[in-house]
Amino acid sequence: MSMLQTENGSVQMRVDTDRMERYDNDTMSFEVFPNGINVYAYTDGDVLESTIQSDKARHEKNKRNGKEIWMAFGNVIVKNIIKKETMETDTLYWDRQKQEISTDCYIRLFSPDGFMQGYGMRSDERARNSIILRPFNSYGVVVQDSTSFVTDSVNFIGPLVPAL
C-alpha cells in the first residue's frame, strides 16, 4: 500500500507498507502496520528530505476529540538526507497537530559533526532540528587535513610555464 499527502500539487509525504490492518470501535479507530512502514518526506521543491523506517507501526485516532498519533516500533531509523544525519531508536511518536516527532527511549544520532547518544529526543516532523534531551558520552569529530587539495578538471588550464 502506498499513501500520498500532497499540497498545491506537490508531494509532501509518502508512506509505503506491505500490510495495513484497520480496526474501528465507538471511541477509537486505529491502523496497525505489522510488517513495518517506510515514510518519505519531501521539501517544497519535491526533493527527498527525510525518511523514517521501522519494523512495526500504529496509527490511532480518538473519535471524540480528534487527537491522533502515529507510533513506530522496533529498529526505527530516521534519516535527514539533506543534513546527512541518522537517528536510531526503538520507539518514535509523531504528533500531526504539533508537527513534531519524539521519543523517550535510548537514541543514537550520527552526523558529519560527530556522534551523540542519550535518552529522549524532540524534533520537528522532518527531523531538521533534533534535540537529545538527556545526552551522555557524546563526541564531536573535527577533520582538517592540510595536505588535501581539490582538482578542478573543468577549469584546469595546465601548468604555468615561465615566460622566456
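**Exercise 1. Pairing around strand 4**

Find the residue of strand 4 that stands opposite E21, and describe how strand 3 and strand 4 are paired.

*Solution.* Begin with the residue itself: E21 stands opposite V32, a residue of strand 4 (strands are DSSP runs of E with at least two residues, numbered from the N terminus). The model is a predicted one, in which local features need pLDDT of at least 70 and side-chain atom pairs count only at pLDDT 80 or more, while totals for chains, interfaces and linings use all residues. Residues are numbered from 1 along each chain as its sequence is written, and side-chain values use heavy atoms, with hydrogens and water left out.

Next, take the strands as a whole: strand 3, residues 21–24, runs antiparallel to strand 4 and is joined to it by 4 bridges (two strands pair if DSSP finds at least two bridges between them). The two strands form a hairpin, with 3 residues between them. A further facing position in strand 4 is F30, which stands opposite Y23.

**Exercise 2. The other partner of strand 4**

Determine how many bridges pair strand 4 with strand 7, and what lies over the face of F30.

*Solution.* Strand 7 covers residues 56–62, and its pairing with strand 4 is antiparallel, over 6 bridges. Within this pairing, F30 stands opposite E60 of strand 7. Turning to the ring of F30, one finds R58 over its face, at 4.1 Å from the ring centre (the criterion asks for NZ of Lys or CZ of Arg within 6 Å of the ring centre and within 35 degrees of the ring normal). A second arrangement of this kind involves R14, which lies over the face of Y40, again with 4.1 Å to the ring centre.

Finally, consider how strand 4 is covered: 5 of its 6 residues are buried, that is, under 20% relative accessible area with a 1.4 Å probe and protein chains only, whereas exposed means over 50% and partly exposed lies in between.

**Exercise 3. Stacked aromatic rings**

Describe the stacked aromatic pairs that F33 and Y119 form, and identify the parts of the chain that each pair ties together.

*Solution.* The whole structure holds 7 aromatic pairs (centres of Phe, Tyr or six-membered Trp rings within 6.5 Å; planes under 30 degrees apart are stacked, over 60 edge-to-face, the rest tilted). One of them is F33 with W70, which is stacked at 5.8 Å centre to centre, with 20° between the planes. F33 belongs to strand 4, residues 28–33, and W70 to strand 8, residues 68–80, so this pair ties together parts that are 37 residues apart in sequence. Both F33 and W70 are buried.

The second pair, Y119 with F136, is also stacked, with 5.7 Å from centre to centre and 25° between the planes. Y119 lies in strand 11 (114–124), while F136 sits in the loop between strand 12 (131–135) and strand 13 (139–140), so the parts that are tied together are 17 residues apart in sequence. Y119 is partly exposed, at a relative accessible area of 38%, and F136 is partly exposed as well, at 30%.

To complete the picture, F33 and W70 join W94 in one aromatic cluster.

**Exercise 4. Positive phi at two residues**

Establish where N75 and A127 lie and whether each is buried or exposed.

*Solution.* Most residues other than glycine have a negative phi. N75, although it is not a glycine, has a positive phi of about 50°. This residue lies in strand 8, and N75 counts as exposed at 54% relative accessibility.

A127 is likewise not a glycine, and its phi is positive at about 60°. Its place is the loop between strand 11 and strand 12, where A127 is buried, with a relative accessible area of 2%.

**Exercise 5. The surroundings of I81**

Locate I81 in the chain and list its contacts beyond its neighbours in sequence.

*Solution.* I81 is placed in the loop between strand 8 and strand 9, the latter being residues 85–95. Its relative accessibility of 41% makes I81 partly exposed. If the neighbours within four places in sequence are left aside, I81 is in contact (heavy atoms within 4.5 Å) with L48, E49 and S50. As a last step, compare sequence and space: I81 and T51 are 30 residues apart along the chain, and their C-alpha atoms are separated by 7.8 Å.
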